[in-house]
Amino acid sequence: MGATRVVVLGAGIIGAACARELALAGLAVTVVERGAPAAATTAHGEGNVLVSDKGPGPELDLALLSRRLWPGVLDAVAAHLPEAAAAVEWEPKGGIVVATTAGGARELERFAAAQREAGVTAEPLDAAALAAAEPHLTRDFALAVHYPGDAQVQPAGTATALLADALRAGAVLRAGCEVLGADTAGGRITAVRTSTGTIGADAVVNAAGPWSGETARRLGAPVDVRPRRGEVLVTAPMPPTVFHKVYDADYVGAVGSGAGDLQASAVVESTRAGTILLGSSRRRVGFDERIRPGVLSVIAGKALRLFPSLAGATVMRAYGGFRPYVPDHLPVIGPDPRLDGLWHATGHEGAGIGLSAGTARLLADLMLGRDPAMDPAPFRADRPAVLSEGESR
Amino acid sequence: MTRHVVIVGAGPAGLAAAASALRAGARVTLLDTAERPGGQYHRMLPDAYRAERNGRLHHGWARFDRLRRHVLGHPRCAWWPESAVWSLERSDPGDPAPPLVHVLRGPADGAGRDRLVLRPDALVLAPGAHDRVLPFPGWDLPGVYTAGAAQALAKGERVVVGDRVVIGGAGPFLLPVAASLIEAGSAVLAVLEANPARTVARGWGRRPWELAPQAGKAGELAEYAALLARHRVPYRTGRAVVEARGDGRVEEVVTARLRADWSVLPGTERVVAVDAACVSHGFSPQLELPAAAGCALRDTASGPFTEVDGDQLTSVPGVYAAGEITGIAGAPAARAEGLLAGWLAAGGAPAAPELRPLRRARDRARAFAGRLAAAHPIGAGWPGWLRADTVVCRCEETDFGTLCRAADDRAGGAARAVKLGTRAGLGPCQARICGPTVAELLRRRAAGAPGRPAEGLAPATPHHRPIAQPIRLGELARPPRDPHEKENTP
């Protein structure tokens, strides 16, 4: 009897992280990717590894677990693949959340206090400390809180590094390979049928991001994961202007909101290349990939409220992507209740880059019968938000 | 009601489209990023330099001047110079309206450009093309110019790029560039066509009856050839500039004989002392606007172009394309296409008898474009000129070796991941220069199967630039003004 055969569907950050954990545990892993690795949602985000935007609860616990795991994961990758690990561009730069109104300040103060209870470091900054930390930030603010735990990565480089480490550990990648359906026997999945042949499987991990709903449907066990659109502006390279991940306190509200219409809040940060990334927007528009000038305009306006001196900065690029959205805003990590052998690791909305490390560890714990790194119950697939029919797109 | 036709680009195609749309009764808004109409072909001297010499360097100047005066002076034409289309906003699926045209108006380097939005009944895209330049060791040295830039400096600013210049690359455009430099006072040491005489002759000589209607073009080229001969400038085929060297600036170039596939014939290298070099390997159509409008592209041996039907209509309702974005065929073809596109965009009758000769001229011009492409192809062997440390993306200084390593990475060799990992094409020019080169290098190295289409995930293309022109954050934050708002809302 050979090693357990696992087929991971999707080579974004979640699929890559899961493939790596499972391959390192000795399983025979095949990664099936319809397009190219790290080319869809993973390549269209900002590379957030955030604890600051999550209130107390299971998602914050997963974020804290992930944040603890990341340095070790990257060290382990670097031990064999130093170049790949360098391409991750790990920046533990910390985040600063700024409230510009009195009401926003009260909300942020409450939010940060609750986070501190849950183990997050959240330090209020006075005007002098804020000016020292971010000299170009508006002086017109009501409250600023520093979160040293926030970090940033180059997301496609991170997924590529995790996948490369998985391949080194024996995983096999099949790119340009689309899932068509599942073979089952006695209520158990036995193989995945793909555009390039049938792949025998003892277990299958659905890590297809915003396409997870459709992938699961093809396998015969639909889950309610929908796309939620986001856009990011990129400036031309500039002298150092922004030193942390800086965002306005509205961001927390926008992340937690389920509204379909445009939610926008300023998220401003620089990259190693000298560009500044300006986010972010959230819209539920199905898979409509049109970039709307009106949305970009709102993002620009919000960013200027935080950094008025950026008014002359040149925007040279904009990109947009789709987050995997679940109506109750929690990821789906665990076995499918209807089809034995099918597992889900999806639904991380805009937090998948940061949460991938903890997600992969938790999934591997569950699949291998190890003691789980945290309580997996809140993420289980048989909760109503996941199995409901959902609204039609 | 009068149709409103927006025309992007005031080169030969755009000007012709404007004249034709006006003739058909439409209201026209003609935009160009330049201060003056004419495009790259009829590059006009700035006022300060304008002299009677202006006409001398330009072919068909009198005709152009008449057209320009007619269009710009027409009461139904709004001429918007220094106007950049930074975004085309596609309509909802099923809505036949052409995209909204988002414009920045005012000097690009000035503060506070006006942000405007136009809601046309039809859109004619005629943005033209820019030089395509292949990389070679030292091509990023100061003193190495694209042939187009050298010509623009000579024609537009009366600036010579150097005293001793070698011109190299592929295509008939090398000749007018040489002529401009000679006129401006440079010593042109040689004009090097990379393709062997055999390829050039086969391309130009095949189906000679197609050539007759392009006699004007052939005559123009003969004139340039005579000028070269008068100045004893050698025109060599099968030879190319394969390296530029110098300490902080080009001091010499290495030229070499090439095989038909553009690989270097060893032992034929020659070192030539120069103070400038001009290179051009053909033209890249400016496809970001057709791509933003959602127009289908058609792949050809010389790269992708905008797909149009016999009426110059793209795959998007209400969006027409004319000139080099449909195929590199020169100014006469661009004019014929512009005239057709403008008339039809304005709602002119497709069966109008005066369209018949236009369609014929356009078809002949297309055949001519095919002939041009066959006579001056880009050989597959050019990557052999590159060394590991040859810069491929000049903005981000990504070298060939880094690109190859990234492309060969099993876990991340796809276009998007390579781009993000190496930053090739992510700099200020947004892959306008290196995009086709990087795409070609990746295509050749890609081992894996191509990806399958996915809903919401457009295939990676170097022409995808949703922000088609740089925009300042302050300009973007302001809401746009609709100059026709009163007329549009009943």
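Start at B:G185, just after helix α4 of chain B, and check its backbone: phi is positive there, about 110°. You're in a predicted model, where local features need pLDDT of at least 70, side-chain atom pairs count only at pLDDT 80 or more, and totals for chains, interfaces and linings use all residues. Residues are numbered from 1 along each chain as its sequence is written, with chains lettered from A and ligands numbered from 1 in the order in which they are written.

Now step back and select residues 174-184 of chain B, which is α4 (helices are DSSP runs of H or I, at least four residues; strands are runs of E, at least two; both are numbered from the N terminus). Eight of its 11 residues are buried (20 or more other C-beta atoms within 10 Å of a residue's own, with C-beta atoms placed from the backbone). Among them are B:L174, B:P176 and B:L181.

Next, show chain A, with its 11 helices and 19 strands. Its C-alpha atoms fill a box of roughly 65 × 45 × 40 Å along the principal axes. Of its 393 residues, 59% are buried.

Colour chain A by domain, using bounds from an automatic or database domain assignment: domain 1 is 5-79 + 155-225 + 328-387, and domain 2 is 95-148 + 227-325. Their C-alpha centres lie 28 Å apart.

Finally, zoom in where they meet: 22 residues of domain 1 of chain A are in contact (C-beta atoms, placed from the backbone, within 7 Å) with 29 residues of domain 2 of chain A.

How values were computed. A residue is buried if 20 or more other C-beta atoms lie within 10 Å of its own, exposed if 12 or fewer, and partly exposed in between; C-beta atoms are placed from the backbone. Two residues are in contact if their C-beta atoms, placed from the backbone, lie within 7 Å.
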